[in-house]
There are 2 protein chains.
Amino acid sequence: MVGTAPRRGRPGYDLDSLLAVAVQVFNERGYDGTSMEDLSARLGISKSAIYHHVSGKEELLRRSVDRALDALFAVLDEPDATEGRAIERLEHVVRRSCEVLVAELPFVTLLLRVRGNTGVERAALARRREFDSIVTDLVRQGEEEGDIRRDVDPALTARLLFGMVNSLTEWYRPDKGLSAHDLAESMAKIAFGGLRNV
Amino acid sequence: MVGTAPRRGRPGYDLDSLLAVAVQVFNERGYDGTSMEDLSARLGISKSAIYHHVSGKEELLRRSVDRALDALFAVLDEPDATEGRAIERLEHVVRRSCEVLVAELPFVTLLLRVRGNTGVERAALARRREFDSIVTDLVRQGEEEGDIRRDVDPALTARLLFGMVNSLTEWYRPDKGLSAHDLAESMAKIAFGGLRNV
């Protein structure tokens, strides 16, 4: 490791590695319960060194939840989410969202805990509602195209579907050997085919 | 209202009404972030008046999460959860759990946020794991009886199923006109029959 040690014997952070630690502390202590002092202590750098990268705690929150939201919205722009029958597009969105949650687990975990006390939080909630509304439209189109059962409400279905997807922030552990792909596969089977053996 | 005013012009609490307020404050501020002073201020009674009912904050937490857990475990003892084919018993447990979540919404919300920092929290997590394990067994039996698809893992299926159920603590609002029964019905249709129109 000669030659790669951080300068001056202190950990050297770029914005990404700073964010990775900040999101972890936010998830442990809650955003409201985390002070710049807490972040400084955990990072092992001074507050002014943190201010070199960001304007403060709220920018760290904004960058963290935007990272999760940007990844989820990027899924909606993928070709398989924009072309073809709505049910196939919806299934693609569910599978890929599942993979995004695994890839960006701490960032999505933080996003899902945001309650709307600050401008950044309210903006994040607004983007979540926009995402939900796009998923609801996909369910509605799938019903209109005759591929999705018509006896469930599209908005409720979207909520239940993403209730299942989002639950993985509560229990998924990357080190337990279940790959994002296998998880997405099981989720799609259950959500689209149902548990019942037919 | 003459004759029913609280004695001495102060709100009168029994244990249940005290708990109803405490669980609300815990959900708003987080259990760790709530002090006996916060509870005293919200209840409009002194700390010693609270200590008349409970030994402290941790007993309020224990009684709150036990209320949720007792209601969920009671479902497992209902005749429709103990007799008949496993898939029907599982469907009963899903529907009734959904109704319990609606009936005990703030208590289950608190339960699902418990992270295990105290003895009470660890005990609650242990009871949640026991519940999950019973649901997992039902899925496994349903597979063995040939009613549930065999191409999904029982433990993963149990998690996804209750991910869907538990998500309602995030978005269900009792005043929006969706009854617990209709919610349970939609959830059962999607989880057991799948979204796909067949």
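The following exercises, each with a worked solution, concern a predicted model of two chains.

In this predicted model, local features need pLDDT of at least 70, side-chain atom pairs count only at pLDDT 80 or more, and totals for chains, interfaces and linings use all residues. Residues are numbered from 1 along each chain as its sequence is written, while chains are lettered from A and ligands numbered from 1 in the order in which they are written.

**Exercise 1.** Find how chain A can be laid on chain B.

*Solution.* Superpose the copies by least squares on the C-alpha atoms of residues with pLDDT of at least 70 in both. A turn of 180 degrees with a shift of 0.0 Å along the axis lays chain A on chain B with an RMSD of 0.0 Å. The two copies are thus related as by a two-fold rotation axis. Of the residues of chain A, A:Gly194 comes closest to this axis, its C-alpha lying at 1.8 Å.

**Exercise 2.** Determine how many residues each chain gives to the contact.

*Solution.* Count two residues as in contact if their C-beta atoms, placed from the backbone, lie within 7 Å. Chain A then supplies 30 residues, and chain B supplies 30 residues.

**Exercise 3.** Decide which residues of α1(A) are buried, and on which side they lie.

*Solution.* Call a residue buried if 20 or more other C-beta atoms, placed from the backbone, lie within 10 Å of its own. In α1(A), a helix being a DSSP run of H or I with at least four residues, this picks out A:Leu18, A:Leu19, A:Ala22, A:Val23 and A:Phe26. Because they cover an arc (taken from the directions from the helix axis to the C-beta atoms) of only 130 degrees, they lie on the same side of α1(A).

Key
Buried ≥ 20, exposed ≤ 12 C-beta atoms within 10 Å, placed from the backbone. Helix = DSSP H or I, 4+ residues; strand = E, 2+ residues; numbered from the N terminus.
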